[in-house]
Amino acid sequence: MNRFSINISLRVILLTATIALGVWIYFRVNDTLAYLFIPMVVAQMYGIYHYLNRINRKLTLFLESIRYEDFSIRFSSDNKLGKSFKMLNQQFNEVLEAFRQTRAEKEANLKYIDTIVQHISIGVLSFDAEGKIELINPAAFRLLGIYRLRNLSELKTVHPGLDTLLMELTSGNKSLYATKQQQQLSIHAAVVRLQGRLIKLISIQNIHSELQKKELEAWQNLTKILRHEIMNSVTPIVSLIGTMQEIVEIDIAPTSSNPEGITDLREALETVESRSKGIMNFVNAYRDYTALPQPQFTSVNVKSLITSVANLFQTDLKQADIQFTLDIDTQQTTIHADFSQLQMVLINLVKNAMDALDHTPDGAIELKAWLPGTNQLTIEVTDNGPGIDEEAMEKIFIPFFTTKKKGSGIGLSLSQQIIQLHGGQLKVNSPGNNGNGSTFFIILNY
């Protein structure tokens with residue numbers, strides 16, 4: 001502060017001397033010449049004002065830096081004016097640095113949160129009172145089957161009624177929405193106030209796989225119970241039949257005077273034995289359904305998987321005079337899966353397609369693999385057979401249900417279980433029993 005005081009004192013002394021000299025010249029020498037001192041006096045007075053106003057300018061610059069978040073400014077030009085000016089500049093610089101660090105931490109936290117939102121599997125979107133989208137993550141795009149969304153009204157054509165549901169869903173409540181792709185979406189709403197505006201935050205989760213998992217567990221438990229009860233009942237029957245056959249052959253037949261009756265009795269016992277063993281074999285066939293091993297995940301090339309299935313059916317397809325087409329749009333795509341289990345699913349789907357073409361002239365099957373979106377693979381098996389009627393469509397994945405005379409009803413339910421264990425979905429689309437064929441879809445994430 002000493003240097004600042006000295007500078008002020010010198011400026012005041014110089015101004016006083018200039019005024020005194022001008023007055024002396026006015027009265028002693030020449031009054032006209034004295035007027036030349038007026039600009040000098042004004043300039044010196046402005047200099048003193050400008051020098052004294054330095055702190056105000058510095059405060060203004062400091063506050064403007066905070067207001068416009070420009071923390072790159074540094075105060076040091078008047079450090080030479082004294083210790084107090086140097087300390088003041090240091091405090092200004094430290095405050096600006098604290099603001100800069102706070103802003104950097106805030107931006108880092110926002111970036112961190114944004115990264116989490118963009119990478120979680122749950123769909124997240126937010127919108128204002130007019131339906132304008134504020135935030136939406138890739139998971140929400142994937143679940144909704146769209147690639148961009150600027151306003152909720154754009155959902156009307158893709159998901160009828162969903163925009164109204166999202167607008168009317170109150171904070172803290174949940175709702176379910178079924179999409180055209182047979183997905184069950186669980187929707188949860190929350191409302192936050194952001195800068196005086198009400199913003200609704202929506203989370204979307206596909207619970208279709210969870211529902212399928214629960215349904216699968218229920219069927220497995222039922223199958224275990226039925227198998228246990230049936231085996232407990234039939235096994236002693238088979239054992240008793242064997243004993244009865246020995247009694248007939250050893251004790252009754254040699255002494256009987258009615259050979260026709262003995263023959264009928266033998267046939268009856270053989271029939272009961274045959275049917276009982278048939279029931280036991282039938283029940284044992286469902287052991288795989290309740291004891292399917294966990295997938296052994298490896299890196300699987302999609303093209304190799306599909307071509308391996310196609311090669312297995314070349315001879316059978318030629319003999320059945322069925323045109324077979326491969327359409328692989330995933331030449332280098334690899335997925336994390338169990339090769340043998342996926343191969344089993346595809347074999348089952350192709351076999352079903354061949355069975356559906358038994359009475360169809362010019363039968364054709366297409367096996368197609370393509371990428372509908374980011375990190376998602378779809379494999380389709382399509383036939384031009386008679387199609388699946390509406391009643392069967394509702395039961396087609398239920399264990400034990402079959403439309404074939406010799407079918408066990410386990411193939412599709414087992415295939416669905418395998419795909420679920422891979423984190424995917426197995427779907428079917430058939431326009432009906434009108435000759436337009438059927439398409440089975442395997443949807444996997446990779």
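Me: At 52% relative accessibility, does R150 count as buried, partly exposed or exposed, and what is the reason?
Reply: Good place to start, and keep in mind that this model is predicted. The relative accessibility of R150 is 52%. The cut-off for exposed is over 50%, so R150 counts as exposed.

Me: Which residue does R150 meet in a salt bridge?
Reply: Let's look at the side chain of R150, which takes part in a salt bridge with an N to O distance of 3.4 Å. The partner has 30% relative accessibility and so counts as partly exposed. That partner is E154.

Me: Which residues are joined into one network by salt bridges that share partners?
Reply: One pair to look at is E97 and R74, whose closest N and O atoms are 3.2 Å apart. E97 sits in helix α5, while R74 is in the loop between α4 and α5. Through shared partners, the network joins R74, E97 and R100.

Me: How many residues apart in sequence are the parts tied together by E134 and R197?
Reply: The side chains of E134 and R197 form a salt bridge at 3.0 Å, N to O. E134 belongs to strand β2 and R197 to strand β5, so their pairing ties together separate parts of the sequence. Those parts are 63 residues apart.

Me: How many salt bridges does the structure hold?
Reply: We have already met some of them, including E134 with R197 and R150 with E154. The total for the structure is five.

Me: Now for the inside: which element gives the most residues to the largest nonpolar core?
Reply: This core has 37 residues. Among the elements giving two or more residues to it are α11, β9, β12 and α13. With seven residues, the top contributor is α13.

Me: Which residues touch the most other members of that core?
Reply: Here is a handy general idea: in soluble globular proteins, nonpolar side chains tend to be buried together. In this model, L346 touches residues including L305, V309, L367 and I442. The residues touching the most other members are L346 and I442.

Me: How many residues are in the other core, the one with I136 and L143?
Reply: This other core lies apart from the largest one. Its members include I136, L143, L185 and I204. The count is 21 residues.

Me: What percentage of the protein chain's residues count as buried?
Reply: Let's step back to the whole chain, with its 15 helices and 12 strands. To count as buried, a residue needs under 20% relative accessible area. Of the 446 residues, the buried share is 35%.

Note on methods. Residues are numbered from 1 along each chain as its sequence is written. This is a predicted model: local features need pLDDT of at least 70, side-chain atom pairs count only at pLDDT 80 or more; totals for chains, interfaces and linings use all residues. Side-chain values use heavy atoms; hydrogens and water are left out. A nonpolar core is a set of buried Ala, Val, Leu, Ile, Met, Phe, Trp, Tyr and Cys residues joined through side-chain atoms within 4.5 Å. Buried means under 20% relative accessible area, exposed over 50%, partly exposed in between (1.4 Å probe, protein chains only). Helices (H or I, at least four residues) and strands (E, at least two) are DSSP runs, numbered from the N terminus. Contact means heavy atoms within 4.5 Å. A salt bridge is a side-chain nitrogen of Lys or Arg within 4 Å of a carboxyl oxygen of Asp or Glu. Lists of a residue's contacts leave out its neighbours within four places in sequence.
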